[in-house]
Structures are given as C-alpha cells and as structure tokens.
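Reader: I am in my first year and would like to learn how to read a model like this one. Could you take me through it slowly, one question at a time?

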Amino acid sequence: MLKFDWNALFVLINLIVFFLLMKKFLFGRIAKVLEQRREMLDSEFKKASETNAEADKKLADYESKIAGYEAEGDKIISDARDSAKVEYEKIIQRAESDADSMKEKAREQIRIDTLNARKASREEIASLAIEAAEKVVASSVDAKTDSAIFDDFLNEGSVDE
C-alpha cells in the first residue's frame, strides 16, 4: 500500500503559502520596480534620441555655416584678386603714362638742345666768318660793323629753320 507522507504535504502547503505571501508582498513591488526601471530606460532612450536629433541638427547647421564661411572666404579671395588685378592695371597704366611723359620731355629737351647747338654753331661760324673776312680785307672793321654782320648772319640762319 501506499503510504502517505504528511511531511511532503506540509512542505507543499508551506511552499504554496510562501509563494502566495511573496506574490502578495514581494512580486508586486518587484514588478513595480521593474516597470519603473523600464519606464526610466524608455525615457532615457527617448532623451538620447532627442539629443541625437539635436546633435544632428546642430551638426547640419555647423556644416552649412562652414560651407557659407568657405564660400564667403572664396568670395573674399576672388574680390581681392579682382581688386589686385585692377590695381595692377592702374599701376601699369600709370607707368606707361609716366614713361610717355618722360619720353616727351626727353624729345622736347633734345629739340631745345638741338636748337641751342645750332644757334651756338651759327654764332661760332659767324665769328669765324668775321675773322676770315677781316683777314681777307686786311683791314680792321669796327665793332658796330661786326655786330651788324653777325646779326644779319644769325637772322638768315633763323629763316632757314
């Protein structure tokens, strides 16, 4: 026959009572703590995703600003190059103008020096002619006559110009 063990029945009843007590007092609190923990994790994940979204937005803003600054830098460099080119052209034009005026002044000075040299050579020729005429005539001509001959010679030379 079968023997019934009362100890096993008491152990079983104790386990059931212990389970029911734990369910009433402990499992509810553990479930509540686990639910709070899950809600906290969900909120942390939500905050993290919001933070990532903000970071992505700021990154996009910074990248667009950097692109804008790069474009602005390129524009400044381009404007500086254009300005330098204009200034270069002005300097070249001014140098050419200065060179042209210097050439013109030099031509004018050459013309004046040529006229002065011609005048000096005519005076020298006139003096030599008077000396030669005195030697030919073998007489001394007075200063008034010398001056008149000299002036006539110079006036003839200025008409030739």
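Reader: Is Arg38 buried, partly exposed or exposed?

Author: This is a predicted model, in which local features need pLDDT of at least 70 and side-chain atom pairs count only at pLDDT 80 or more, while totals for chains, interfaces and linings use all residues. Residues are numbered from 1 along each chain as its sequence is written, and side-chain values use heavy atoms, with hydrogens and water left out. Buried means under 20% relative accessible area and exposed means over 50%, with partly exposed in between (1.4 Å probe, protein chains only). Because Arg38 has a relative accessible area of 46%, Arg38 is partly exposed.

Reader: Which residue does Arg38 meet in a salt bridge?

Author: A salt bridge is a side-chain nitrogen of Lys or Arg within 4 Å of a carboxyl oxygen of Asp or Glu, and side chains of opposite charge can pair when their charged atoms come close. The partner of Arg38 lies three residues away in helix α1, so the two are separated by about one helical turn; helices here are DSSP runs of H or I with at least four residues, strands are runs of E with at least two, and both are numbered from the N terminus. With 2.0 Å from N to O, the side chain that Arg38 meets is that of Glu35.

Reader: How far apart are the closest N and O atoms of Glu108 and Arg111?

Author: Glu108 and Arg111 both lie in helix α1, three residues apart, about one turn of the helix. Glu108 counts as partly exposed at 34% relative accessibility, and Arg111 is partly exposed as well, at 45%. They form a salt bridge in which the closest N and O atoms are apart by 2.6 Å.

Reader: Is Arg107, which forms a salt bridge with Glu104, buried or exposed?

Author: The closest N and O atoms of Glu104 and Arg107 are 3.8 Å apart, and both residues lie in helix α1. Glu104 is partly exposed, with a relative accessible area of 47%. For Arg107 the relative accessible area is 51%, so Arg107 is exposed.

Reader: What is the radius of gyration of the chain?

Author: The chain has two helices and zero strands, and its C-alpha trace spans about 195 × 25 × 25 Å along its principal axes. The radius of gyration is taken over C-alpha atoms, and the globule rule is 2.2 Å times the number of residues to the power 0.38. A compact globule of 161 residues would come near 15 Å, whereas the chain has 61 Å.
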